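This report goes through the structure shown below, from single residues to whole chains. It is written to be read beside the sequence and the coordinates.

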Amino acid sequence: MGTTPDLAVSAEGLVKSYGATRALDHLDLAVPAGTVMGLLGPNGAGKTTAVEILATLRRADAGRAVVAGHDAAREPERVRERIGLTGQYAAVDEILTGRENLVMFARLSGLGAATARRRADDLLERFDLTAAAGRPAGRYSGGMRRRLDLAASLTLDPAVLFLDEPTTGLDPRSRNGVWRAVRDLVGAGTTVLLTTQYLEEADRLADRMAVIDSGRVIAEGTAEQLKSTVGGDRVDVVVEEAADLEPAAAVLARVCGTAPRTDPEERRVSAPVAAADRIAALTGVVRGLDAAGLRATDIGVRRPTLDDVFLGLTGRTGADREGAARPAAPAPAPAGQGAAA
Amino acid sequence: MTASTAARPAATAPAPRSGGRFARFWSDTAVLTRRNLTHAVRSPAEPLLALLVPLMMVLLFGFVFGNVMAAEGTGGTPEQFREYLMPGMFVMAMLYSVAATAGGVALDVDKAVMGRFRSMPMAPSALLAARSAADLVRALPEIAVLIACGLLIGWEWTEGWDRALAAVGLLLLFRFAMTWVGILLGVLAPNPNVVGLIVYPLAFPLGVLSTMFTPPALMPEVLGRIAEWNPISAVIDAARVLFGNPRIVGDSWVADHPLPMALAWSGAIILLCAPLAVRRFRRLSR
Ligand SMILES: Nc1ncnc2c1ncn2[C@@H]1O[C@H](COP(=O)(O)OP(=O)(O)OP(=O)(O)O)[C@@H](O)[C@H]1O
Ligand SMILES: [Mg+2]
């Protein structure tokens, strides 16, 4: 096959254009078998396009995709036998009931009538849909529909499962349910490629992640590796009065021994600090502020989150656009607000 | 993480039965035909409306225009005109069903569930074949209702049950051909809303420029030729022959052999449209 045998998904130089829009621009991806790969990227980055090409729904203009040992362009039928897909929008029949949906998909996967019915019942049970099994899927809530969709993509226990934003719009409990199901599958040996807007989701589920922007991978690695690219821990102080910003920055500079950054909008000052010195620095800053008579509304040591990674890597164009609106903000983007803006 | 009851999937998932491509195609088609028929039963507004239109046509043409057209056209009585008219109404119903088929396909193609079908190890052509099969099944009650309506207004078949059944068979064959026209238009349509705009301007002249209401001999020369060669005319006249209803015999070979012409036209339409539709469908949204 010419590819490393223990890669469940490998994409090399995928290119895809829709008219003048270049959705994928030489995308490379390698997912070792039995692992979870998270695909992160802003809206329009090309995540769905990548998933659709790997799941044989679309053809790449150039490049090569090998999924579960088969070339997605040349042997799509073989690939389809080994994959499951939960697309960005729930792909179930709205008029059929939940059970009818699962039986139909099982029959179309090649199961006999009796086996298909049994499989449908198993899946309904597993995704907590037995009570709603006789209702049309069109009348399910968003979360139930997503679970039904996920159940449908597991009909044949796929070797590779593609999940395109599987928990968008789910409440925390449903989201936990989906996460648990994914972990169970991975425990049983399934390889998962997951796109998401929720960095927490990637952080929890994915072994490795790739950040894509404008159709190409701009960073790839474990969550720790990615976080280390945006620097280490920082001490953050939010002051009550804007006038206190400068004196607070002086305190931070003295205690941490590093150059602090000021964000006037948030009234926040933050300075990098070595991991070993975190607590000493924090105590020092509290004392220093107190001694200077400065009032803080929030003080803390912050580790970089994937939000920082995400915004640090993909925020450039966004920041440029925003730059026109508020020119005075040189500070790193505020974290903990998610990528959605 | 809970030690959930979600058993090791590898152990629970059944293996798909093996089977030839052909067996898979038939079984997938059967499963999807059932899906389409379930849709028709659970949201019956569209199929019922589809039934209503030809019924209205029968009443409209049979009674409102019947007297005028009888005087101008066949030179016979309104009753004779209605006998002449009925086979045309059957065929018109089959012809206009293209809109329902094309609309159904265009809607289906737009649905998210299509993505799932396409990512599954099934025959993509089964999706189209199932649409054709389901619409063929839907044609049965449509024809039955039209026949009942015809009997009510004094139309009847005169050559016995076997020939009448053969006529119904011919109508179904023609409808089968029309399903493939509809499927092709459905996969070509850029979106479901334009389907009606495509179908009606095509179907209307085809219907009028045929032997449906008027014998070609009464049309201007060029239009008469077109009407004579129109596949719709062949099917209508073949139905007239089999039902034993009056028809105006023309002076060309085509007009004299409506039955072979109807079979040939239907076969040709299927052979042309089905492969084109399947090809187009496979390439959709790539
Ligand atoms: N069918 C299509 N026709 C034309 N352009 C498309 C089509 N699908 C996607 N695009 C364009 O391709 C680019 C990538 O889209 P894609 O859906 O892959 O992004 P995404 O990362 O999944 O975004 P999101 O987070 O919003 O789901 C976008 O610019 C989008 O507008
Ligand atoms: Mg997407």
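## Backbone outliers in chain A

Asp157(A) has a relative accessible area of 16%, under the 20% cut-off, and therefore counts as buried. The model is a predicted one, and the position of Asp157(A) in it is the loop between helix 5 (142-152) and strand 7 (160-164) of chain A. The phi angle of Asp157(A) is positive, about 50°, although the residue is not a glycine. As a rule, most residues other than glycine have a negative phi.

His26(A) also has a positive phi, in this case near 60°, and is likewise a residue other than glycine. His26(A) belongs to strand 2 of chain A, and that strand covers residues 21-32. Is His26(A) buried or exposed? Neither label applies: His26(A) counts as partly exposed because its relative accessibility is 42%, between the limits of 20% and 50%.

## Magnesium site

Two protein atoms act as donors to the magnesium ion (ligand 2): OG1 of Thr48(A) and OE1 of Gln88(A), at 1.8 to 2.1 Å from the ion. The two residues come from distant parts of the chain, 40 residues apart. Thr48(A) sits in helix 1 (residues 47-54) of chain A, while Gln88(A) lies in the loop between strand 6 (83-86) and helix 3 (98-108). Water is not among the atoms, so the site may look incomplete.

How accessible are the two donor residues? Thr48(A) is partly exposed, with a relative accessibility of 22%. Gln88(A) is partly exposed as well, its relative accessible area being 25%.

## Surroundings of ligand 1

The shell around ligand 1 holds 15 residues, and the closest are Gly44(A), Lys47(A), Thr48(A), Thr49(A) and Gln197(A). Thr48(A) thus appears both among these closest residues and among the magnesium donors. By residue class, the shell has eight polar, four nonpolar and three charged members. Which element gives the most to the shell around ligand 1? It is helix 1 of chain A, with three residues; strand 2 (21-32) and helix 1 each supply at least two.

Several polar contacts involve oxygen atoms of ligand 1. An N or O atom in the side chain of Asn43(A) lies 3.0 Å from one such oxygen, and a polar backbone atom of Gly46(A) is 2.9 Å from an oxygen of the ligand. Gln88(A), a magnesium donor, also has a side-chain N or O atom 2.9 Å from an oxygen of ligand 1. On its own, ligand 1 has 640 Å² of accessible area, of which the protein covers 64%.

## Chain A as a whole

Chain A contains eleven helices and 14 strands. Its domain assignment gives domain 1 (7-227) and domain 2 (233-303), and the centres of the two, taken over C-alpha atoms, are 43 Å apart.

Along the principal axes, the C-alpha atoms of chain A fill a box of roughly 80 × 45 × 40 Å. Chain A has 341 residues, and 50% of them count as buried.

## Chain B as a whole

Chain B has 13 helices and zero strands. Read along the sequence, its pattern is accordingly one α after another.

The C-alpha trace of chain B spans about 85 × 35 × 35 Å along its principal axes. Chain B has 286 residues, and 51% of them count as buried.

Notes. Residues numbered from 1 in each chain as written. Chains lettered and ligands numbered in written order. Predicted model: local features only at pLDDT ≥ 70, side-chain atom pairs only at ≥ 80, totals over all residues. Heavy atoms only, no water. Donors = N, O, S within 2.8 Å, 3.2 Å for Na, K, Ca; no water. Helix = DSSP H or I, 4+ residues; strand = E, 2+ residues; numbered from the N terminus. Buried < 20%, exposed > 50% of the residue type's maximum accessible area, 1.4 Å probe, protein only. Near = heavy atom within 4 Å. Polar contact = N/O pair within 3.5 Å; in protein donor to acceptor, adjacent residues only side chain to side chain. Areas by Shrake-Rupley, 256 points an atom, 1.4 Å probe, with all protein chains shown as cover. Nonpolar A, V, L, I, M, F, W, Y, C, P; charged D, E, K, R; others polar. Domains from an automatic or database assignment.
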